[in-house]
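Please take the sequence and the structure together, and read slowly, turning the model as each part is named.

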Amino acid sequence: MKKNANAPSEEINLAYTVPKLKDFSPAALDKAVEKLLAALDKEPVALTGEDQRKAFRDRWLARKDGILMQVNELWLKAAPKEAKREVGQRVNKLKAEVEAKVEAALAMAPATKGESAIDISLPGIRRPIGAEHPIIRTQNEIIAVFRNLGYSVAEGPVIETDYYNFEALNFPPNHPARDTQDTLFIAGQESKPRREQLLLRTHTSPVQIRTMEKMKPPLRILVPGKVHRNDPPDASHSPMFHQVEGLAVDTKITFGDLKGTLDHAMKALFGSDVKTSFRPSFFPFTEPSAEMFVSCFVCGGSGKRGDGNAPCRPCKQTGWIEILGCGMVDPNVFEFVKHNGYDPEKISGFAFGMGVDRIAMLKYGLDDLQLFFQGDVRFLQQFV
Ligand code: PHE
């Protein structure tokens with residue numbers, strides 16, 4: 001804007017000043033008008049920039065001390081009574097003429113480039129379209145696999161009670177998983193009974209109970225969501241991460257159903273070549289319990305990479321990657337929802353829970369979990 005402010009303005013006739021009139025005769029007025037219009041005609045040769053345009057308009061039309069204002073003062077107001085009528089008419093005509101000329105001159109001299117003119121050669125303003133975060137995308141892929149098997153999606157609160165997170169999932173009173181080392185409790189609840197105390201859920205399993213309280217069997221649900229544990233962040237840990245939980249309850253559900261379902265799901269997720277392996281484990285809410293491994297889809301199960309003997313990192317050279325925890329729903333868990341049709345004598349079920357973040361890391365070949373949560377657009381753009 002400032003670029004012409006100090007430029008010499010020789011083309012602009014600043015010399016014109018409104019004269020005081022002594023003679024108010026028509027002939028003298030004609031002469032004065034003629035001089036004024038001649039001065040105006042000479043002016044707008046090169047109006048460059050917004051500053052000059054404004055200065056030009058102000059000099060002629062400004063309410064305070066513009067040339068037309070001065071004409072009003074020096075010619076009309078100063079005119080003797082008997083000439084007022086005549087002078088008034090001429091001044092009015094002159095005003096209209098000057099205004100028209102000034103506007104015409106401004107229209108002829110459009111603002112220069114880069115100021116208020118529109119430069120159609122400039123690139124447009126781009127508003128980037130967002131994309132699914134790689135974790136949400138992975139979560140949706142897992143959901144899609146199970147949707148095809150007839151599962152529906154259930155959700156529950158991230159701030160959970162001790163009852164749903166632990167007690168109704170058959171955690172014995174002093175089980176180490178209740179320890180504050182793992183769990184983030186909400187402060188200041190000492191006066192509440194333990195089962196009502198609030199915490200950040202440490203897994204999505206409480207939604208098993210919440211759903212069974214609301215819906216009668218048979219049931220097939222998938223539960224995606226955020227969970228929290230008191231783990232300091234590093235390349236493979238985060239105090240907040242994501243799980244997808246599964247629960248199937250019906251009459252005569254067996255461990256064979258569990259294995260067949262999960263084996264199918266892993267082939268759908270990681271490719272039809274992967275194998276699954278189930279190893280005994282422990283969870284308070286399943287019995288028996290297992291950890292499920294898939295054959296490493298990076299090295300094909302050999303533990304080695306490339307043609308040489310480079311160690312395969314994702315499977316730590318074992319050829320197997322741990323993917324989830326699972327098991328048959330413990331009858332003690334059904335006891336908590338027996339009133340809603342879950343009689344452990346009549347029904348059975350299996351459950352599983354997997355870490356979405358880990359699966360996403362494996363799928364995209366990442367070695368640092370923190371990349372997901374730093375919000376760096378350069379990282380996220382790669383998934384658009
Ligand atoms: N909730 C368990 C965990 O977070 C996983 C799991 C879910 C295990 C369902 C068995 C059945 O580790």
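The paragraphs that follow go from one helix and its surroundings to helix pairs, single residues and details of the backbone.

Keep in mind from the start that this is a predicted model. A good place to begin is helix 3, which spans residues 67-77 and whose buried residues are Ile67, Leu68, Val71, Asn72 and Trp75. If you look down the axis of helix 3, these buried residues fall within an arc of 145°, so they line one face of the helix. What covers the buried residues of helix 3? The cover includes helix 1, made of residues 26-42, helix 2, made of residues 49-61, and helix 4, made of residues 84-108.

Two of these covering helices can be followed further, and for this a general idea helps. Two packed helices are described by the angle between their axes and by the distance between those axes. For helix 1 and helix 3, the axes are 13 Å apart and the packing angle is about 165°. Since angles over 145 degrees count as roughly antiparallel, this angle makes helix 1 roughly antiparallel to helix 3. The crossing in which helix 1 passes helix 3 is right-handed. On the side of helix 1 the contact is made by Ala32, Val33 and Leu36, and on the side of helix 3 by Ile67, Val71 and Trp75. Sorted by class, the residues of this contact between helix 1 and helix 3 are six nonpolar, no polar and no charged.

Helix 4 packs against helix 3 as well, at an angle of about 170° and with the two axes 10 Å apart. Helix 3 and helix 4 are therefore also described as roughly antiparallel to each other. Here helix 3 contributes Leu68, Val71, Asn72, Trp75, Leu76 and Lys77, which meet Lys84, Val87, Gly88, Val91, Leu94, Lys95, Val98 and Glu99 of helix 4. The classes in the contact of helix 3 with helix 4 are eight nonpolar, two polar and four charged residues.

One residue of that contact deserves a pause of its own, namely Val91, whose place is in helix 4. Is Val91 buried or exposed? Its relative accessible area is 3%, and because buried means under 20%, Val91 counts as buried. Once the neighbours within four places in sequence are left aside, Val91 is in contact with Val71, Asn72 and Trp75, and these three residues are among the buried residues of helix 3 named above. Val91 can also be compared with a residue elsewhere in the chain, for Val91 and Phe241 are separated by 150 residues in sequence and by 81 Å in space, taken from C-alpha to C-alpha.

Another helix pair is formed by helix 5, residues 134-147, and helix 10, residues 356-364, whose axes come within 9 Å and cross at roughly 100°. Helix 5 and helix 10 are therefore roughly perpendicular to each other. In helix 5 the residues that take part are Pro134, Ile135, Arg137, Thr138, Gln139, Glu141 and Ile142, and they meet Val356, Asp357, Ile359, Ala360, Lys363 and Tyr364 in helix 10. The residues of this contact between helix 5 and helix 10 divide into seven nonpolar, two polar and four charged.

Now turn to the loops, beginning with the one between helix 6, residues 162-165, and strand 3, residues 198-200, where Glu190 has its place. With a relative accessibility of 67%, Glu190 counts as exposed. Glu190 and Asp65 lie 125 residues apart in sequence, and their C-alpha atoms are 78 Å apart in space. Asn170 also lies in the loop between helix 6 and strand 3, and Asn170 has a positive phi of about 70° although it is not a glycine.

A positive phi is found at Lys252 too, with a value of about 60°, although Lys252 is not a glycine. Lys252 lies in the loop between strand 5, residues 240-250, and helix 8, residues 255-270, and is exposed, with a relative accessible area of 76%.

Finally, look at the peptide bonds before two prolines. Pro217 and Pro218 are joined by a cis peptide bond with omega about 0°, and Pro218 is found in the loop between helix 7, residues 206-214, and strand 4, residues 219-228. The peptide bond from Glu287 to Pro288 is cis as well, with omega near -5°, and Pro288 lies in strand 7, which covers residues 286-295.

Technical notes
Residues numbered from 1 in each chain as written. Predicted model: local features only at pLDDT ≥ 70, side-chain atom pairs only at ≥ 80, totals over all residues. Heavy atoms only, no water. Buried < 20%, exposed > 50% of the residue type's maximum accessible area, 1.4 Å probe, protein only. Helix = DSSP H or I, 4+ residues; strand = E, 2+ residues; numbered from the N terminus. Arc of directions from axis to C-beta. Contact = heavy atoms within 4.5 Å. Axes fitted to C-alpha atoms, helices over the stretch in contact; angles between N-to-C directions. Parallel < 35°, antiparallel > 145°, perpendicular 65-115°, else oblique. Nonpolar A, V, L, I, M, F, W, Y, C, P; charged D, E, K, R; others polar. Left-handed = near helix turned anticlockwise from the far one by under 90°.
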